[in-house]
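Welcome! Here is a short briefing to help you find your way around a structure that is new to you.

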Amino acid sequence: TAITNAGPVLTGLQHSPAVPDAGEATTVSIDASDLDGISNLRLFYSINDGSFQNIAMSPGSDGRYRANVPGQNTGTIVRFYVRGQDGAGATSFFPSAGASGGAFYKVQDGLANTSGLRQNLRIIMSEADRQFLFLNTNRMSNDRMPVTVIEDESVVYYNVGLRLKASAAGRYLSDRY
């Protein structure tokens with residue numbers, strides 16, 4: 001399919017710190033480029049499946065665009081995405097699914113194993129998606145739910161597809177998955 005203008009190219013999404021402490025602001029950054037120039041870059045974020053709020057992203061001295069999400073309470077799940085618009089009015093999103101994408105972080109909850117004796121993986125998804133995943137009508141679905149995986153409190157993988165794998169009898173019982 002030919003597209004006359006696909007909108008800005010958005011790459012290298014990051015948030016820092018990977019697992020913020022309660023009350024600590026989180027910086028979201030991204031690289032953006034477009035032959036028509038970047039006219040507008042906005043960070044959208046949602047707190048615990050609430051409505052999305054948005055703030056302008058500004059370029060730093062290194063060319064990366066940044067915005068800060070205000071500090072949140074312990075255990076809060078923040079879902080976010082970036083919308084870019086070029087000088088010709090075309091838009092694009094990162095993750096590409098925008099508000100349905102899998103870019104999340106969770107404010108420090110004290111549950112991580114940081115002893116270094118074994119690997120620590122955080123799998124973060126919206127509560128609405130988690131509940132949908134465990135509905136009895138979905139027990140044999142192979143649909144992938146958007147999640148973020150954070151490895152050892154520092155390495156972040158966005159928009160990972162998560163699905164349940166088990167028998168029909170065990171998929172929706174929490175003591176079996």
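The notes below cover two sheets and a pocket.

This is a predicted model, where local features need pLDDT of at least 70, side-chain atom pairs count only at pLDDT 80 or more, and totals for chains, interfaces and linings use all residues. Residues are numbered from 1 along each chain as its sequence is written, and side-chain values use heavy atoms, with hydrogens and water left out.

**The four-stranded sheet**
- Strands (DSSP runs of E, at least two residues, numbered from the N terminus) form an open sheet in the order 1-2-6-5, with antiparallel pairing; two strands pair if DSSP finds at least two bridges between them.
- Its edge strands are strand 1 (9-16) and strand 5 (58-59).
- Strand 2 (residues 26-33) and strand 6 (residues 65-69) are antiparallel partners over five bridges, and Ser-29 stands opposite Arg-66 in strand 6.

**The three-stranded sheet**
- Another open sheet, also with antiparallel pairing, runs in the order 10-11-12.
- Strand 10 and strand 12 (155-162) each have a single partner strand, so one side of each is left without a neighbour in the sheet.
- Strand 11 (residues 145-151) pairs with strand 12 over six bridges, and Ile-150 stands opposite Val-156 in strand 12.

**The largest pocket**
- A pocket is an open set of points on a 1 Å grid over the protein atoms alone, where a 1.4 Å probe fits, with protein on both sides within 12 Å along at least five of seven lines; lining residues have an atom within 4 Å of a point.
- The largest pocket is lined by 18 residues, and among those nearest its centre are Lys-106 and Arg-130.
- Strand 10 gives the most to this lining, with four residues.
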